[in-house]
Amino acid sequence: SQVVIKTLYPETKKVAPPFTGKSFTGFKEALGYKESRGNYFITNQLGYLGKYQFGRGTLRAFGIHDTEKFLNDPALQEKVFLAYMSRNKAILRKEIQHYVGKTVNGVLITESGILAAAHLGGAGNVKKFLRSSGKNIFRDANGTSIRFYLKKFAGYDVSFIKANRRAKVI
């Protein structure tokens with residue numbers, strides 16, 4: 001359920017993301033809201049798809065070639081999200097062990113921040129950021145940085161996500 005925020009101008013309504021706290025559900029809802037305002041059925045100007053704004057290459061890595069089917073299947077999008085997080089958690093396991101709890105370039109590093117940043121810019125760019133002491137800052141085509149995602153999505157409980165480099169969408 002969404003909360004409608006009343007404004008001074010009744011004809012203008014802003015929709016806030018659902019409050020779900022720092023749980024895994026809170027993490028995925030906050031990330032989905034940041035990516036697409038929680039819209040499963042959207043394609044952005046760069047061709048990224050769905051609630052979590054997946055690229056076609058990522059979808060192909062999970063065996064998904066029919067983007068229309070993907071866009072029209074919220075349950076499939078949720079499965080891809082979880083599989084992608086599982087793969088990234090496995091790929092970034094050493095960085096999670098080494099950097100969580102440390103401050104890099106003014107950012108307290110958390111596991112959820114690392115996973116969100118990897119969603120934005122890829123696991124390799126997260127590694128580059130951390131290993132360069134925060135000097136190598138990747139930005140996406142919209143100008144959003146890995147550093148911003150590390151901060152914005154810090155402190156969520158992502159223990160639900162199991163590291164699995166071979167995670168699949170079933």
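**Exercise 1. Find which residues gather in a patch of positive charge on the surface, then place Arg37.**

Step 1. Look for Lys22, Lys34, Arg37 and Lys152: together they form a positively charged surface patch. Patch members have over 30% relative accessible area and no salt bridge, and like charges are joined within 9 Å. A salt bridge here is a side-chain nitrogen of Lys or Arg within 4 Å of a carboxyl oxygen of Asp or Glu. Lys and Arg count as positive, with the charge placed at NZ of Lys or CZ of Arg.

Step 2. Now for Arg37: you'll find it in the loop between helix H1 (24-36) and helix H2 (56-61). Helices are DSSP runs (H or I, at least four residues).

Step 3. Arg37 counts as exposed because its relative accessibility is 54%; the cut-off is over 50%, with a 1.4 Å probe and protein chains only.

A quick note: this is a predicted model, where local features need pLDDT of at least 70 and side-chain atom pairs need 80 or more, while totals for chains, interfaces and linings use all residues. Residues are numbered from 1 along each chain, and side-chain values use heavy atoms, without hydrogens or water.

**Exercise 2. Work out why helix H6 (residues 111-121) is largely enclosed.**

Step 1. Check burial (under 20% relative accessible area). Ten of the eleven H6 residues are buried, so the rest of the structure largely encloses this helix. Among them are Ile114, Leu115 and His119.

Step 2. See what packs against those buried residues: H1, helix H4 (74-91), helix H5 (93-99), helix H7 (123-131) and helix H8 (146-152). Contact means heavy atoms within 4.5 Å.

Step 3. Just past H6, Gly122 has a positive phi of about 95°.

Key
Patches are made of residues with over 30% relative accessible area and no salt bridge: like charges are joined within 9 Å, nonpolar side chains (Val, Leu, Ile, Met, Phe, Trp, Tyr) within 5 Å. Accessible areas come from the Shrake-Rupley method with a 1.4 Å probe; for residues, only the protein chains shown count as cover. Helices (H or I, at least four residues) and strands (E, at least two) are DSSP runs, numbered from the N terminus.
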